[in-house]
Structures are given as C-alpha cells and as structure tokens.
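Biologist: I have a few labels I would like to understand before I use them at the bench. Could you walk me through the reasoning behind each one?

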Amino acid sequence: QVQLVESGGGLVQPGGSLRLSCAVSGFSLDYTRIGWFRQVPGKEREGVSCITSSGGTYYGDSVKGRFTISRDNAKNTVYLQMNSLKSEDTAVYYCAAKHRVGTVVAVSLAAVEYDYWGQGTQVTVSL
C-alpha cells in the first residue's frame, strides 16, 4: 500500500520558518519524483516544488529563494524548508509522488503528472 503522510504544518508569524515532511511508504524514492503543492479554497492547486530521485529540483516563481526541497533516502522522506513566510503562503500543503521504475523522472510542477497524494497539512502565516 502506497502512502504519503505530510507533517510539520502549523501557525507561524510572517517572516518565520517551517519545515514540512513527507514520509513515503510502499516504495522507495528510487525512480520517484516528489512534489509539494498547495491549495486554498476556491483556487486551483499550485505547484510549489519538486525533487527527483537523482536530486534535480524545481521551484515555483512565488517561492524561489525562500523555499528549499530536500530528501533523505534512508528515511524515505522528503522535506520542504520554508523561510521568510508570507501571508500569501497560507494554504493546505500536499505531498505527491510519481513512481516510474527503471527510468529517470524529470522535474514537473503539474499536478496531473503525479499519481499519489497525501492528505495535506495546514500552514497558516498570520500574526
């Protein structure tokens, strides 16, 4: 059974930091691309960042220079370090995975390119 479980969300003041975690079970991070997405009510899901099994990364324009994605293969976990948080970053953050055995998976921030999704974790940036 494939599972993605996000954690680390919460309430933080503007300018603060949070680190989100995505624990992956059911397969290893080999040949796997992990993406972070976020969504607020009434808006489409927005791609935030992604990382491939080879370490390639990509960031949405709204978070470049503030967010950093990383992975720990031994723990089958991907992280999203979020710094200099703004009120506009408030959203439910989702972890997603695309697994392609035997091939390299390219970077992508398109939700349709992912097969598995976590339940999300709420991030609220407010005073």
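Modeller: Happy to; we will take the labels one at a time, and please keep in mind that this is a predicted model.

Biologist: Let's begin with the aromatic rings. Why is the pair of Phe37 and Tyr114 called edge-to-face?

Modeller: Their ring centres lie 5.2 Å apart and their planes meet at 80 degrees. Centres within 6.5 Å make a pair, and planes over 60 degrees apart count as edge-to-face, so this pair earns the name. Phe37 sits in strand β4 and Tyr114 in the loop between β9 and β10, 77 residues apart.

Biologist: And what makes the pair of Phe37 and Trp117 tilted?

Modeller: Here the centres are 4.9 Å apart and the planes stand at 55 degrees. That angle is neither under 30 nor over 60, the limits for stacked and edge-to-face, so the pair is called tilted. Because Phe37 belongs to β4 and Trp117 to β10, the contact ties together parts 80 residues apart in sequence. Ring pairs thus link Phe37, Tyr114 and Trp117 into a cluster.

Biologist: How do you know whether Phe37, Tyr114 and Trp117 are buried or exposed?

Modeller: Buried means under 20% relative accessible area, and partly exposed runs from there up to 50%. Phe37 has 0%, so it is buried. Tyr114, at 5%, is buried too. Trp117 has 28%, so it counts as partly exposed.

Biologist: What makes you say that Arg33 lies over the face of Tyr114?

Modeller: Arg33 is 4.4 Å from the ring centre, and the distance limit is 6 Å, together with a limit of 35 degrees from the ring normal. Lys64 has its charged end over the ring of Tyr58, 5.7 Å from the centre.

Biologist: Now the sheet with the order β1-β3-β8-β7. Why are β1 and β7 said to stand at the edges?

Modeller: This open sheet has four strands with antiparallel pairing. β1 and β7 each have a single partner strand, so one side of each is left without a neighbour in the sheet.

Biologist: How do you know that β3 and β8 are paired?

Modeller: Two strands pair if there are at least two bridges between them, and six bridges join β3 to β8. Ala23 stands opposite Thr77 in β8.

Biologist: Last one: what makes Asn76 stand out in its phi angle?

Modeller: Asn76 has a positive phi of about 50 degrees, yet is not a glycine. Asn76 lies in the loop between β7 and β8, and at 15% relative accessible area, Asn76 is buried.

How values were computed:
Residues are numbered from 1 along each chain as its sequence is written. This is a predicted model: local features need pLDDT of at least 70, side-chain atom pairs count only at pLDDT 80 or more; totals for chains, interfaces and linings use all residues. Side-chain values use heavy atoms; hydrogens and water are left out. Helices (H or I, at least four residues) and strands (E, at least two) are DSSP runs, numbered from the N terminus. Buried means under 20% relative accessible area, exposed over 50%, partly exposed in between (1.4 Å probe, protein chains only). Rings of Phe, Tyr and Trp (its six-membered ring) pair if their centres lie within 6.5 Å; planes under 30 degrees apart count as stacked, over 60 as edge-to-face and the rest as tilted.
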